[in-house]
Amino acid sequence: MKRQADGRCIFIETIIIVIVICMLTAVLFLKKAASQKGAARSMLTVAHRGASGYAPENTIASYDKAIEMKADFIEIDLQVSKDGRLMVIHDDSVERTTNGKGNVRDLTFNELRKLDAGSWFHGSFAGQKIPTFDEVLDRYSEKCGLLIELKSPALYPGIEQKVYDVLASRGLIENRQTNVIVQSFDTNSMKRFHEIAPTIPIGVLVKFTPKGISNTQLEEFKTYANYVNPNRRLVTKKLIARIHEHDMKIIPYTIRDRKTAKAFMLLDLDGITTDFPDYIKAQKA
């Protein structure tokens with residue numbers, strides 16, 4: 001009888017242990033699922049050149065639309081005029097997005113401001129101007145985060161210091177409540193900016209290449225960067241995990257359709273750069 005009783009006790013204990021293990025597994029699973037949902041909710045929406053799917057890129061109209069759509073960050077492309085003014089325009093040349101001709105660096109501030117930067121997109125935007133960096137900072141720095149991209153910095157020696165000086169003059173270097181990230185495809189430029197402003201988060205933009213991004217590259221990036229922001233075609237779950245393992249974040253570019261936006265919202269990304277901020281916001285809702 002004693003053996004039977006002992007056997008029953010062992011059996012009951014085994015059942016209890018199995019139940020406890022199952023309960024713990026369920027709790028861990030639910031926590032993981034909740035954290036993933038939380039990550040999706042906190043994923044940053046970065047308006048690429050503003051809400052450039054709805055208004056001419058890098059214009060006040062485009063940035064105003066991004067704010068209207070409650071983007072977390074606006075992306076700002078910088079070039080430098082002939083007389084040293086920081087101008088918000090993507091291309092080295094003015095020809096694609098204005099009614100003018102020539103390179104930004106060969107035109108003065110006054111010449112650039114005379115150009116129409118809106119009609120190419122739609123007649124209703126006629127008269128939109130190429131903004132200055134100062135204008136964009138004054139208008140938006142208290143409304144949203146700023147993802148500042150240095151375009152072709154090799155064409156503009158000293159642009160890193162110039163950008164730093166403008167940010168510092170507005171207290172945007174010391175004020176950690178302000179969300180500012182500086183990024184570029186030019187890694188040498190980003191190393192220089194990190195040396196000048198070590199407290200400002202740095203992003204490294206990475207173009208698509210069939211080879212992808214190696215761990216050796218990630219080890220190099222992490223010495224000065226906080227973000228690795230790749231072309232969307234490079235994004236895989238493994239790449240996301242490797243970037244996070246290297247203590248960096250990832251904000252891929254550029255999402256332009258709802259299907260891709262929906263798919264990317266299921267990934268463990270830190271943000272998404274998009275021409276259509278409402279595509280991401282709609283998925284979050």
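Student: What makes Ile159, Glu160, Val163, Tyr164, Val166 and Leu167 the buried residues of helix 5 (residues 159–169)?

Tutor: Buried means under 20% relative accessible area, calculated with a 1.4 Å probe and protein chains only, and these six names are the residues of helix 5 that meet that limit. The model is predicted, so local features need pLDDT of at least 70 and side-chain atom pairs pLDDT 80 or more, whereas totals for chains, interfaces and linings use all residues. Residues are numbered from 1 along each chain as its sequence is written, and side-chain values use heavy atoms, without hydrogens or water.

Student: Why are the buried residues of helix 5 said to line one face?

Tutor: Seen down the helix axis, they fall within an arc of 165°, taken over the directions from the axis to the C-beta atoms, so they line one face of helix 5.

Student: What do the buried residues of helix 5 pack against?

Tutor: With contact meaning heavy atoms within 4.5 Å, their partners include strand 2 (73–80), helix 4 (133–140) and helix 6 (187–196); helices (H or I, at least four residues) and strands (E, at least two) are DSSP runs, numbered from the N terminus.

Student: What makes the space lined by Glu57, Trp120 and Ile130, among others, a cavity?

Tutor: On a 1 Å grid over the protein atoms alone, a cavity is a set of points where a 1.4 Å probe fits but cannot get out, and lining residues have an atom within 4 Å of a point. The largest cavity has a volume of about 70 Å³, the space filled by probe spheres set on the points, and the count comes to 1 cavity of 30 Å³ or more.

How values were computed:
Buried < 20%, exposed > 50% of the residue type's maximum accessible area, 1.4 Å probe, protein only. 1 Å grid on protein atoms, 1.4 Å probe; cavity = no way out; pocket = protein on both sides within 12 Å on 5 of 7 lines; lining within 4 Å.
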